[in-house]
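Got the viewer open? Load the model, switch to cartoon view, and keep the selection box handy for a short walk around.

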Amino acid sequence: MKPILIDFPTEFTTDRLLIRMPMPGDGKAMFQAISASLDELKPWLPFAHFEQTEEDVEVNIREAHLKFLSREDLRLLVFLKENGNLIASSGLHRINWEIPKFEIGYWLDSRYSGKGYMTEAVQGITEFAAKELKARRIEIRCDTRNIKSAAIPERLGFTLEGILRNDSMEIGSTTKLRDTSIYAKVF
């Protein structure tokens with residue numbers, strides 16, 4: 001079956017969160033979340049090193065919307081149920097529909113850290129992938145030095161399958177290499 005023919009919900013909820021595909025118009029809230037979190041994002045995420053306008057972020061959101069519809073990449077935005085505030089970006093990436101397997105990526109608006117929202121979101125996305133997408137494998141990859149990011153799969157019972165040494169260049173460097181932890185959950 002061609003992935004574009006796979007039907008599944010475009011949103012779901014957890015106890016405190018609404019998690020859904022990106023929609024045109026989400027760029028403003030995403031731009032604000034990125035702007036508020038740049039210092040925390042820069043060590044780990046390449047996009048945080050590029051100056052972006054609100055319009056640039058809106059274009060990116062609309063591209064993510066199209067990729068979601070075509071099933072190429074399933075970015076998910078995370079909102080608080082109580083007030084509708086956008087608090088995080090996550091999603092199911094590096095998709096292999098034949099298995100099916102996915103990689104969960106995530107970052108949290110720094111103004112909302114320390115409240116368990118990202119752990120709750122990743123748990124919800126994991127359950128969504130297993131139930132709705134029939135996932136057989138879900139991975140989470142992070143820099144070995146990113147303790148906050150690694151704490152989430154550890155809390156959720158993912159298995160550390162290995163560390164890829166000298167796996168990529170350190171963000172913002174042309175000479176320093178970094179190592180990547182690979183956590184997985186199989187079904």
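Start by selecting leucine 74 and leucine 92: leucine 92, in E4, is the bridge partner of leucine 74. Helices (H or I, at least four residues) and strands (E, at least two) here are DSSP runs, numbered from the N terminus. Two strands pair if DSSP finds at least two bridges between them.

A word on the ground rules: this is a predicted model, where local features need pLDDT of at least 70, side-chain atom pairs count only at pLDDT 80 or more, and totals for chains, interfaces and linings use all residues. Residues are numbered from 1 along each chain as its sequence is written, and side-chain values use heavy atoms, with hydrogens and water left out.

**Stop 1: E4 and its partners**

Stay with E3 and E4, and you can count six bridges between them, in the antiparallel sense. The two form a hairpin with five residues in between. Click glycine 84 in that turn: its phi is positive, about 80 degrees.

Now look across to E5. E4 and E5 also run antiparallel, joined by seven bridges, and here the hairpin has four residues between its strands. For a landmark, select serine 90, which stands opposite tyrosine 106 in E5.

How many residues of E4 are buried? Nine of its 11, so E4 is largely enclosed by the rest of the structure. Buried means under 20% relative accessible area, exposed over 50%, and partly exposed in between (1.4 Å probe, protein chains only).

Before leaving, zoom in on proline 100, in the loop between E4 and E5. The peptide bond leading into proline 100 from isoleucine 99 is cis, with omega near -15 degrees. As background, most peptide bonds are trans, and most residues other than glycine have a negative phi.

**Stop 2: two positive phi values**

Two non-glycine residues are worth a click for their backbone. Arginine 71 has a phi near 70 degrees and sits in the loop between H2 and E3. Arginine 71 is buried, because its relative accessible area is 9%.

Then go to lysine 134, in the loop between helix H3 (117-132) and strand E6 (137-143). Its phi is about 55 degrees, also positive. Is lysine 134 buried or exposed? At 55% relative accessibility, lysine 134 counts as exposed.

**Stop 3: helix H1**

Select residues 27-41 to light up H1. A straight helix of 15 residues would span 21 Å at 1.5 Å a residue, but H1 spans only 18 Å between its end C-alpha atoms. (The expected span is 1.5 Å times one less than the number of residues.) Where is the kink in H1 centred? Look at serine 35, where the kink is about 40 degrees. The bend at a residue is the angle between axes fitted to the seven residues ending there and the seven starting there.

Next, show side chains for the buried residues of H1: Gly27, Met30, Ala33, Ile34, Ser37 and Leu41. Their cover includes helix H2 (54-70) and strands E3 (74-80), E4 (86-96) and E5 (101-108).

**Stop 4: the loop after H1**

Move into the loop between H1 and H2 and pick histidine 49. It is partly exposed, because its relative accessible area is 39%. Leaving aside neighbours within four places in sequence, histidine 49 is in contact (heavy atoms within 4.5 Å) with Lys42, Ile171 and Gly172.

**Stop 5: aromatic rings**

The whole structure holds six aromatic pairs. One of them joins phenylalanine 47 and tryptophan 107: the rings are tilted, 5.9 Å centre to centre, with 50 degrees between the planes. Phenylalanine 47 lies in the loop between H1 and H2 and tryptophan 107 in strand E5, 60 residues apart. Rings of Phe, Tyr and Trp (its six-membered ring) pair if their centres lie within 6.5 Å; planes under 30 degrees apart count as stacked, over 60 as edge-to-face and the rest as tilted.

Also select Phe8, Phe12, Phe68, Trp97, Phe102 and Phe128, which ring pairs link into a cluster.

**Last stop: E8**

Finish on strand E8 (residues 177-186), mostly covered, with seven of its 10 residues buried. E6 pairs with E8 in the antiparallel sense over seven bridges; try glutamate 139, whose bridge partner in E8 is alanine 184. Strand E7 (residues 159-169) is joined to E8 by seven bridges and runs antiparallel to it. There, leucine 160 has tyrosine 183 of E8 as its bridge partner.

Definitions and conventions:
The expected span of a helix is 1.5 Å times one less than its number of residues.
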